[in-house]
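This report describes a single protein chain, taking its surface, its fold and its side-chain contacts in turn. The sequence and structure are shown below.

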Amino acid sequence: MENVWYLFAGFFVTWLILGIYLFSLRRQIEVLGSELASLRGEARTSERQRSPESATASEPNVS
């Protein structure tokens, strides 16, 4: 029973490492989510800028 302390220490270290890993994953997911939102915003902006140009270019020129 003298070695039970090592069992609890190993258990604690294992959960500590797992917690740090999960925390870092959560942080990376937040960063990726903000990057994705930024890219979606850029895509919408470029789509809006292209829409009027493509609409005028596809309309026939009646003179």
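## Burial and surface

Of the 63 residues in the protein chain, buried residues make up 0%. Buried means under 20% relative accessible area, exposed means over 50%, and partly exposed covers the range in between (1.4 Å probe, protein chains only). The model is a predicted one, in which local features need pLDDT of at least 70 and side-chain atom pairs count only at pLDDT 80 or more, while totals for chains, interfaces and linings use all residues. Residues are numbered from 1 along each chain as its sequence is written, and side-chain values use heavy atoms, with hydrogens and water left out.

The protein chain exposes about 6,200 Å², and carbon and sulfur atoms supply 65% of that area. Accessible areas come from the Shrake-Rupley method with a 1.4 Å probe; for residues, only the protein chains shown count as cover.

## Secondary structure

The protein chain has one helix and zero strands. Helices (H or I, at least four residues) and strands (E, at least two) are DSSP runs, numbered from the N terminus. Helix α1 covers residues 4-58, and both F11 and W15 lie in it.

## Aromatic pairs

How many aromatic pairs does a search of the whole structure find? There are two. Rings of Phe, Tyr and Trp (its six-membered ring) pair if their centres lie within 6.5 Å; planes under 30 degrees apart count as stacked, over 60 as edge-to-face and the rest as tilted. In one pair, W5 and Y6 have ring centres 5.4 Å apart and planes at 80°, so the arrangement is edge-to-face. Both W5 and Y6 are exposed.

The rings of F11 and W15 also form an edge-to-face pair, because their planes stand at 70°, with the centres 6.1 Å apart. F11 and W15 are four residues apart in helix α1, about one turn of the helix. F11 is exposed at 51% relative accessibility, and W15 is exposed at 52%.

## Nonpolar patch

F11 and W15 also belong to a nonpolar surface patch of about 560 Å², together with L18, Y21 and L22. Patches are made of residues with over 30% relative accessible area and no salt bridge: like charges are joined within 9 Å, nonpolar side chains (Val, Leu, Ile, Met, Phe, Trp, Tyr) within 5 Å.

## Salt bridges

The structure holds two salt bridges, a salt bridge being a side-chain nitrogen of Lys or Arg within 4 Å of a carboxyl oxygen of Asp or Glu. E30 is bridged to R26, with the closest N and O atoms 3.3 Å apart. These two residues are four apart in helix α1, so about one helical turn separates E30 and R26.

R27 forms a salt bridge with E30, and here the closest N and O atoms are 3.3 Å apart. R27 and E30 are three residues apart in helix α1, about one helical turn. A network of salt bridges thus links R26, R27 and E30. Each member is partly exposed: E30 at 39% relative accessible area, R26 at 46% and R27 at 47%.
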